[in-house]
Amino acid sequence: MTLTAPPQSVIANAVTLSGVTKVYGRGSNAVLALDGLTLDVRHGEFVCLVGASGCGKSTLLNLIAGLDRATGGDIQLSQDRAPTLMFQDPALFPWLSVASNVELPLKLRGVPKEERKKRVAELLEVVHLSEFAKRQPHELSGGMRQRVALARTLGQDSPVLLMDEPFGALDAMTRDLLHDELERIWTQRQLTVLFVTHNVREAARLADRIVLLSSRPGRIIYETPVEIPRPRRIDSTEVASLAAEVTDRLRQEVGRHGR
Amino acid sequence: MAVDTLSGLDALELAERQSEPSRLLRIWGTIWPKLAALAIALAFWQLAFVLELRPSYTLPSPAEAFTELAERAQRGELWKGIAITARRAAMGYGFSLILGVGLGLAVARVRVLRVAIGSMITALQTMPSIAWFPLAILLFGLTEQAIFFVVVLGAAPSIANGVIAGIDYVPPLFLRAGRNLGARGLKLYWYIIAPAALPSFVSGLKQGWAFSWRSLMAGELIIVGLGKTSLGGQLTLARELIDPPGVIAMMIVILLFGLVVDYFFSKADRLIRNRWGLIEQ
């Protein structure tokens with residue numbers, strides 16, 4: 001057997017989706033959640049998936065994270081390490097302290113104790129929560145919990161970060177600050193981010209590229225690169241006008257279902 | 001700048017609570033209502049004695065009962081009784097624990113088992129444990145085994161149910177997050193499911209203890225042939241000798257024994273809920 005180099009597209013892309021389809025249920029109850037989704041995400045790219053309810057955004061992330069299986073099509077990742085997923089709920093474990101929550105994925109991977117301690121300290125430093133290491137999650141505010149979740153996710157050292165409306169439950173000010181934080185971490189660590197949101201402005205603030213999904217079934221209906229120079233502000237006119245453009249497309253798509 | 005704003009926001013959101021009253025004051029605050037209630041109960045008892053609502057050879061005064069208790073403590077038979085009963089309680093409960101946890105894990109994991117005996121476990125709990133004694137005595141005679149048989153039948157289902165409910169109600173989000181963090185198979189059980197199920201498990205343990213303690217007392221009262229030194233045995237003996245202070249003295253011991261054990265279960269329960277953030281102080 002001879003080893004052949006993988007095709008060029010696999011090397012260049014962090015995530016390659018070709019014709020990904022997902023059906024829930026069987027027979028007459030079957031629901032088509034995703035219909036032939038094809039999408040390439042380059043290394044280091046920040047892609048925002050935007051869509052109304054029922055567009056299968058969360059389904060898609062679950063498939064890429066390997067928590068669920070696609071019914072059809074193919075998902076290729078450029079590296080062995082599974083992408084990591086962050087949810088709207090920080091999903092911190094209440095029985096563990098902040099530090100232990102961040103430590104858990106390292107422990108599960110068999111990282112030795114001394115190194116774990118060092119890594120946890122470093123990860124908490126990244127999200128500016130060092131002084132809260134010994135607190136329990138319920139003692140923190142929503143935004144702080146989400147930062148702990150981010151630190152925990154980063155601890156998995158996966159090059160691809162999947163985020164499922166991670167800031168959806170936060171107030172506007174906290175969200176803005178976390179946008180800055182996420183952008184900084186994404187640049188420093190050269191991550192590839194696939195970020196799901198229904199907040200078009202958030203997408204325009206963060207993304208290199210916005211991908212719009214239709215609802216029931218989820219299909220890609222529109223794609224646009226975001227060429228606004230960074231650092232961006234969510235209240236800048238460029239972000240606002242791009243958001244308006246994407247929102248119009250989204251409304252058209254949602255309106256289709258009312259007819 | 002952004003970092004300053006961020007930590008400023010953190011500080012604002014975590015504004016410390018008002019300073020709490022001292023520990024001593026807090027403990028006193030929970031103790032005095034209990035002491036007052038106890039004093040009132042004793043006063044009613046004394047009143048009933050003074051008014052002779054019942055003949056004084058059947059209803060002793062509080063003083064008589066406590067004197068009797070002190071005497072029994074001095075003569076040493078009280079401690080012997082406590083030792084015997086505590087050993088039985090520990091053995092019966094320990095066995096229930098092993099059986100209950102094993103059964104609970106099996107039912108939670110194996111679908112067929114759940115369909116077959118899941119509802120039966122709950123049904124077993126509704127059976128008053130004393131109703132098992134006639135069968136237990138036929139099967140094992142007037143022996144300790146008969147008592148253990150009933151104790152285990154009373155306690156194991158509660159413990160099993162605690163395990164099952166704990167595993168069933170692990171929030172799916174924790175499972176999803178755990179898998180995503182790399183916990184699969186046994187690791188998922190050890191690091192995610194077991195700690196998530198702990199509060200429910202502990203309340204199952206507590207309920208199991210209540211059942212096993214009741215069954216044990218019923219057993220010691222019914223199967224008196226086993227010797228008269230156990231707490232239940234001394235209680236029955238006092239009745240047979242028409243020794244009302246003795247009866248009440250033993251009842252007080254049994255009550256206190258139950259309270260002490262219950263205190264530790266409640267303490268564990270509170271500790272966990274506190275840590276989990278389920279109680280606001």
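## Worked exercises on a two-chain predicted model

A:Asp157 sits in the loop between α5 (142–154) and β6 (160–164) of chain A. Keep in mind that the model you're looking at is predicted.

### Exercise 1

Work out whether A:Asp157 is buried, exposed or partly exposed, and find the sign of its phi.

*Solution.* Start with the neighbour count: 14 other C-beta atoms lie within 10 Å of A:Asp157. Buried needs 20 or more and exposed needs 12 or fewer, so A:Asp157 comes out as partly exposed. Next, the backbone: phi of A:Asp157 is near 55°, which is positive even though the residue isn't glycine. That's worth flagging because most residues other than glycine have a negative phi.

### Exercise 2

Do the same for A:Gln190: where is it placed, and is it buried or exposed?

*Solution.* Place it first: A:Gln190 is in the loop between α6 (172–189) and β7 (192–197) of chain A. Then count: with 9 other C-beta atoms within 10 Å, A:Gln190 is exposed. Its phi is near 50°, again a positive value in a residue other than glycine.

### Exercise 3

Describe the peptide bond from A:Arg230 to A:Pro231 and say where A:Pro231 lies.

*Solution.* Omega for the bond from A:Arg230 to A:Pro231 is near -5°, and the bond is cis. As for the location, A:Pro231 belongs to the loop between β9 (220–225) and α8 (237–258) of chain A.

### Exercise 4

Figure out how α7(B) packs against α6(B), and then against α5(B).

*Solution.* Two numbers describe a helix pair: the angle between the axes and the distance between them.

- Step one, α6(B) with α7(B). Helix α6 (residues 133–140) and helix α7 (residues 144–168) of chain B pack at about 140°, and their axes are 9 Å apart. The two are therefore oblique to each other, and their crossing is right-handed.
- Step two, the residues. From α6(B) come B:Phe133, B:Ala136, B:Ile137, B:Leu139 and B:Phe140, which meet B:Gln145, B:Ala146, B:Phe149 and B:Val150 of α7(B). Sorted by class, that contact has eight nonpolar, one polar and no charged residues.
- Step three, α5(B) with α7(B). Helix α5 (residues 111–126) of chain B packs on α7(B) at about 135°, with the axes 9 Å apart. This pair is therefore oblique too, but here the crossing is left-handed.
- Step four, the residues again. B:Ile121, B:Thr122, B:Leu124 and B:Gln125 of α5(B) make the contact with B:Leu153, B:Pro157, B:Ser158, B:Ala160 and B:Asn161 of α7(B). They split into five nonpolar, four polar and no charged.

### Exercise 5

Is B:Gly204 buried or exposed, and which residues is it in contact with beyond four places in sequence?

*Solution.* B:Gly204 lies in helix α9 of chain B. It has 25 C-beta neighbours inside 10 Å, so it counts as buried. Beyond its close sequence neighbours, B:Gly204 is in contact with B:Ser158, B:Ile159, B:Asn161, B:Gly162 and B:Val163.

### Exercise 6

How many residues does each chain put into the contact between A and B?

*Solution.* Chain B gives 24 residues and chain A gives 25. On the chain B side, the elements giving two or more residues are α1 (2–13), α8 (172–180), α9 (185–222) and α11 (244–276). The largest share, eight residues, comes from α1(B). By class, the chain B side has 13 nonpolar, five polar and six charged residues.

Definitions and conventions
Residues are numbered from 1 along each chain as its sequence is written. Chains are lettered from A and ligands numbered from 1 in the order in which they are written. This is a predicted model: local features need pLDDT of at least 70, side-chain atom pairs count only at pLDDT 80 or more; totals for chains, interfaces and linings use all residues. Two residues are in contact if their C-beta atoms, placed from the backbone, lie within 7 Å. Helices (H or I, at least four residues) and strands (E, at least two) are DSSP runs, numbered from the N terminus. Ala, Val, Leu, Ile, Met, Phe, Trp, Tyr, Cys and Pro count as nonpolar, Asp, Glu, Lys and Arg as charged, and the others, Gly among them, as polar. Axes are lines fitted to C-alpha atoms, for helices over the stretch in contact, and angles run from 0 to 180 degrees between N-to-C directions. Angles under 35 degrees count as roughly parallel, over 145 as roughly antiparallel, 65 to 115 as roughly perpendicular and the rest as oblique. A crossing is left-handed if the near helix is turned anticlockwise from the far one by less than a right angle, and right-handed if clockwise.
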